[in-house]
Amino acid sequence: MKYKVGFIGCGNMASAIIGGLIKNTPVQANEILASDAFEDAIEKAKTTHGIDITCNNLEVSSNCEVIFLSVKPQYYEVVTAQIKDTLTEHQIIVTIAPGKTLGWLEEHLGKNIKIVRTMPNTPALVGEGITGVCKNELVTDEEFQMIMNLLSGFGLAEAIPESLMDVCVSVSGSSPAYVFMFIEAMADAAVLDGMPRAQAYRFAAQAVLGSAKMVLETGKHPGELKDMVCSPGGTTIEAVRVLEEKGMRSSIIEAMRTCTKKAKGL
């Protein structure tokens, strides 16, 4: 095969993965081939990353060792039907769509195809993604580690049982949207109290970034870190009281459970 890695679908997530592969793994730009139904998307990928491009999905499925199916879930049935007869037992298919189980993929691609199912998130665009990963029985441990190394090119990658993949959608795949809303709300409040908007976004975003880094690097429970900020009778505990009164925790939990339920139905 000519190419190490191929992409069928070349949107924002695929572009983030490609950029991470080239920057942080041994895969070179000339070892990547991408296709897309929209010529603008693949031309942008070629200009941005220097990869090879095609408008023909079959060129990717026929000439790449590892193939990322990076189209939207509603197009998976069409694309799998299109490429399945070109695939061999030596290739590895990597999917990034919610709702498409290993069983569904094996049924639509063929029983003898190696499949790795993943759920990345948009912070991959800045090299800070986290990806949940599982595989079918045909993928060897060595091959799975190779895929994990590729996925680590744009953030963290963790193996999880497939039963948790829909949970992964709500806790990481979709959650950047919740965080963006939180940052926007904090900035709006700061603007209401007189801070210029651009400055308010910087303060709010950096506070979230720093707080997340403290959770990851200190190993402390988030509740313990929260308590460290809440002085007796102080400003923070008063704000926390209002958040509890307004049902912040419950609204987040209910939103995420709804997200997980939606993912199961895709």
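**Entry 1: a salt-bridge network**

I started with the charged side chains and found Arg117, Glu162, Asp166 and Lys264 linked in a network of salt bridges. A reminder to myself: this is a predicted model, and every distance below is computed from it.

I took the pairs in turn. Arg117 meets Glu162 through their side chains, with N to O at 2.9 Å. I then looked up where the two partners sit. Arg117 belongs to strand β6, residues 114-119, while Glu162 is in the loop between β8 (155-159) and α7 (165-173), so this bridge ties together parts that are 45 residues apart in sequence.

Arg117 also forms a salt bridge with Asp166, here at 3.8 Å, N to O. Asp166 is in helix α7 and Arg117 in strand β6, so this pair joins parts 49 residues apart in sequence.

Next I asked myself: is Arg117 buried or exposed? Its relative accessibility is 2%, and with buried meaning under 20%, Arg117 counts as buried. Asp166 is buried as well. Glu162, on the other hand, is partly exposed, at 27% relative accessible area.

**Entry 2: the other salt bridges**

How many salt bridges does the structure hold? I noted eleven. One of them pairs Arg249 with Glu244, whose closest N and O atoms are 2.7 Å apart. I checked the surroundings of this pair too. Arg249 is exposed, with 52% relative accessibility, and Glu244 is partly exposed at 39%.

One more charged side chain went into the notebook here: Lys100 lies over the face of Trp104, 4.5 Å from the ring centre.

**Entry 3: the aromatic pair**

I looked for aromatic pairs and found one in the structure. It is made by Phe7 and Phe68, with ring centres 4.8 Å apart. Why do I call the pair stacked? The planes meet at 10 degrees, and planes under 30 degrees apart count as stacked, so the label fits.

The pair links distant parts of the chain, since Phe7 is in strand β1 and Phe68 in strand β4, 61 residues apart. Both rings belong to residues I could check for burial. Phe7 has a relative accessible area of 0% and is buried. Phe68, at 1%, counts as buried too.

**Entry 4: the nonpolar cores**

From the two rings I moved on to the core. The largest nonpolar core has 32 residues, and Phe7 and Phe68 are among those with the most contacts inside it, together with Val5, Val116 and Ile147. Which elements give two or more residues to this core? I listed β1 (3-8), α1 (12-24), β2 (32-35), α2 (39-49), β4 (64-69), β5 (92-95) and α6 (141-151). Helix α1 supplies the largest share, six residues.

I wrote one general remark in the margin: in soluble globular proteins, nonpolar side chains tend to be buried together.

Then I picked Val5 and looked up its contacts, leaving aside neighbours within four places in sequence. Val5 is in contact with Leu21, Val27, Glu31, Ile32, Leu33, Cys64, Val66, Phe68 and Leu150. I was pleased to see Phe68 turn up in that list, as it is also half of the stacked pair.

There is also a second, separate core, of 28 residues, which includes Tyr3, Ile93, Ile115 and Cys168.

**Entry 5: Glu158 in strand β8**

I returned to strand β8 for one residue, Glu158, which has its place there. Glu158 is partly exposed, with a relative accessible area of 46%. What does Glu158 touch, not counting residues up to four places away in sequence? I found Thr131, Gly132, Val133 and Met148. I also checked Ile130: its C-alpha is 7.7 Å from that of Glu158, and the two residues are 28 apart in sequence.

**Entry 6: the protein as a whole**

To finish, I put down the overall figures. I counted twelve helices and eight strands. The C-alpha atoms fill a box of roughly 65 × 40 × 30 Å along the principal axes. Of the 266 residues, 39% are buried. Among contacts with a separation of 6 or more, residues 24 or more positions apart account for 60%. The protein exposes about 15000 Å², and carbon and sulfur atoms supply 57% of that area.

Definitions and conventions
Residues are numbered from 1 along each chain as its sequence is written. This is a predicted model: local features need pLDDT of at least 70, side-chain atom pairs count only at pLDDT 80 or more; totals for chains, interfaces and linings use all residues. Side-chain values use heavy atoms; hydrogens and water are left out. A nonpolar core is a set of buried Ala, Val, Leu, Ile, Met, Phe, Trp, Tyr and Cys residues joined through side-chain atoms within 4.5 Å. Buried means under 20% relative accessible area, exposed over 50%, partly exposed in between (1.4 Å probe, protein chains only). Helices (H or I, at least four residues) and strands (E, at least two) are DSSP runs, numbered from the N terminus. Contact means heavy atoms within 4.5 Å. Rings of Phe, Tyr and Trp (its six-membered ring) pair if their centres lie within 6.5 Å; planes under 30 degrees apart count as stacked, over 60 as edge-to-face and the rest as tilted. A charge sits over a ring if NZ of Lys or CZ of Arg is within 6 Å of the ring centre and within 35 degrees of the ring normal. A salt bridge is a side-chain nitrogen of Lys or Arg within 4 Å of a carboxyl oxygen of Asp or Glu. Accessible areas come from the Shrake-Rupley method with a 1.4 Å probe; for residues, only the protein chains shown count as cover.
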